[in-house]
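Work through these exercises with the model in view. Try each task before you read its solution.

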Amino acid sequence: MPSLTLLGQALVSGLLAGGIYGLLALGLSLSWGLLRVVNLAHFALALLGAYLTYQLGSAWDVSPWLAAAAIVPAFFVLGLGLHAAFNYFRVTEFTSLLVTFGLAVILESIIQWFWTADYRRYETPYATVSGRVGPLYIPLLELLACLTAAVLALATWAWLRFTYVGKALRASAEDPAIAAAFGVNHRLQGFLLAGLSAAYAAIAGAFIALVSTLAPAQIWAWVGVVFAVVIIGGLANPIGALLAGLLIGVSESLTMAVVTPAWAPLVSFSVLIVLLIARPGRV
């Protein structure tokens with residue numbers, strides 16, 4: 001049986017890893033739930049954001065915070081462009097799965113062509129900084145990523161719940177025709193949401209560059225876990241995505257500490273299957 005200190009450290013590590021999952025799931029949850037676009041390219045955009053942060057920092061000595069300040073608006077515009085293309089070709093919810101899978105493969109190939117398949121690590125002075133609470137260590141960058149995920153999830157939830165644009169987006173997702181009859185311009189608001197989702201991918205990518213070792217194939221390692229997070233948390237539910245990410249992160253980390261690390265990849269799907277059996281109307 002592991003010691004209490006090891007279990008406590010596993011709990012902290014799981015919560016912090018769950019914050020990254022929640023951050024990655026946020027944009028996908030919004031695009032899937034409100035735009036009916038199952039955007040597999042979201043993972044590739046996050047990885048592209050991570051590589052761009054790495055490139056700006058390692059090649060031109062740009063701080064990761066300035067890099068993020070440049071990449072996030074650029075990704076917002078990229079999200080607008082992708083949404084315009086999806087609208088032009090009348091991409092439906094099902095075909096979006098296929099189209100964005102193709103986009104993810106193309107982006108992975110571009111990343112591999114430019115940065116090769118070698119592992120990349122963005123070394124910064126912050127990488128080894130951590131705080132200490134009793135016997136437990138809390139890495140600074142992972143903590144910042146988790147706090148950013150919490151702030152974005154709460155802000156997005158409040159935006160969707162209390163503002164006119166948020167209410168209009170939710171109404172359009174339920175019934176576009178009725179929403180349009182009440183004067184809701186769902187096409188324009190769809191562009192805003194698509195840009196926001198892509199910007200969230202860029203933010204996730206900036207933190208991934210700081211806390212992870214980068215490799216092009218990393219895209220596919222996220223797909224299963226983050227899909228489970230989105231479904232468990234509920235579509236278009238920012239706080240649900242964050243809480244589900246924390247649940248999966250803690251479950252994986254405790255599994256690695258108590259059982260064996262080899263079982264950790266099974267955790268997300270096991271939790272998802274159990275919840276779907278308990279609540280079959282979840283999806």
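**Exercise 1. Place Arg36 and Asp61, and describe their backbone and exposure.**

Step 1. Arg36 sits in the loop between α1 (4-35) and α2. Helices here are DSSP runs of H or I with at least four residues, strands are runs of E with at least two, and both are numbered from the N terminus. The model is predicted, so local features need pLDDT of at least 70 and side-chain atom pairs count only at pLDDT 80 or more, while totals for chains, interfaces and linings use all residues. Residues are numbered from 1 along each chain as its sequence is written, and side-chain values use heavy atoms, with hydrogens and water left out.

Step 2. Look at the backbone of Arg36. Its phi is positive, about 60°, although Arg36 is not a glycine.

Step 3. Check exposure. Arg36 counts as partly exposed because its relative accessibility is 33%. The cut-offs are under 20% relative accessible area for buried, over 50% for exposed, and partly exposed in between (1.4 Å probe, protein chains only).

Step 4. Turn to Asp61. This residue is in the loop between α2 and α3 (64-88). Asp61 is not a glycine, yet its phi is positive, near 60°. Its relative accessibility is 70%, so Asp61 counts as exposed.

**Exercise 2. Find where His42 lies and what it touches.**

Step 1. His42 belongs to helix α2 (residues 41-60).

Step 2. His42 is buried, because its relative accessible area is 2%.

Step 3. List the contacts, meaning heavy atoms within 4.5 Å. Residues up to four places away in sequence are not counted. His42 then touches Leu24, Gly27, Leu28, Ser197 and Ala201.

**Exercise 3. Trace how Ala50 and Ala204 meet residues far away in sequence.**

Step 1. Start with Ala50 in helix α2. Ala50 counts as buried because its relative accessibility is 0%.

Step 2. Compare sequence with space. Ala50 and Ala209 are 159 residues apart along the chain, and their C-alpha atoms are separated by 4.6 Å.

Step 3. Add the contacts of Ala50, leaving aside neighbours within four places in sequence. They are Gly205, Ile208, Ala209 and Leu214.

Step 4. Move to Ala204, in helix α8. Its relative accessibility is 2%, so Ala204 counts as buried.

Step 5. Ala204 and Ala46 are 158 residues apart in sequence; C-alpha to C-alpha, they are 6.0 Å apart. With neighbours within four places set aside, Ala204 is in contact with Leu23 and Leu24.

**Exercise 4. Describe the largest nonpolar core.**

Step 1. Fix the term. A nonpolar core is a set of buried Ala, Val, Leu, Ile, Met, Phe, Trp, Tyr and Cys residues joined through side-chain atoms within 4.5 Å.

Step 2. Count. The largest such core has 82 residues. Its largest share, 15 residues, comes from helix α8 (residues 186-211).

Step 3. Name the residues with the most contacts inside the core: Leu34, Phe43, Trp222, Val226 and Phe227.

Step 4. Follow one of them. Not counting residues up to four places away in sequence, Phe43 touches Leu28, Ile219, Trp222, Val223, Val226 and Phe227.

**Exercise 5. Locate Ile231 and Ala257, and read off their distances.**

Step 1. Ile231 is in helix α9 (residues 218-233). Its relative accessibility is 15%, so Ile231 counts as buried.

Step 2. Ile231 and Ala244 are 13 residues apart in sequence and 8.7 Å apart in space, C-alpha to C-alpha.

Step 3. Ala257 is in helix α10 (residues 238-258). Its C-alpha atom is separated by 42 Å from that of Ala173, 84 residues away along the chain.

Step 4. Beyond residues up to four places away in sequence, Ala257 touches Pro2, Leu6 and Ala10.

**Exercise 6. Describe the protein as a whole.**

Step 1. Count the elements: 11 helices and 4 strands.

Step 2. Judge the packing. The radius of gyration is 19 Å, close to the 19 Å that the globule rule gives for 283 residues, so the protein is as compact as a globular protein of that length. The radius is taken over C-alpha atoms, and the rule is 2.2 Å times the number of residues to the power 0.38.

Step 3. Box the chain. Along the principal axes, the C-alpha atoms fill roughly 60 × 50 × 30 Å.

Step 4. Finish with burial and contacts. Of the 283 residues, 49% count as buried. Among contacts with a separation of 6 or more, 78% are between residues 24 or more positions apart.
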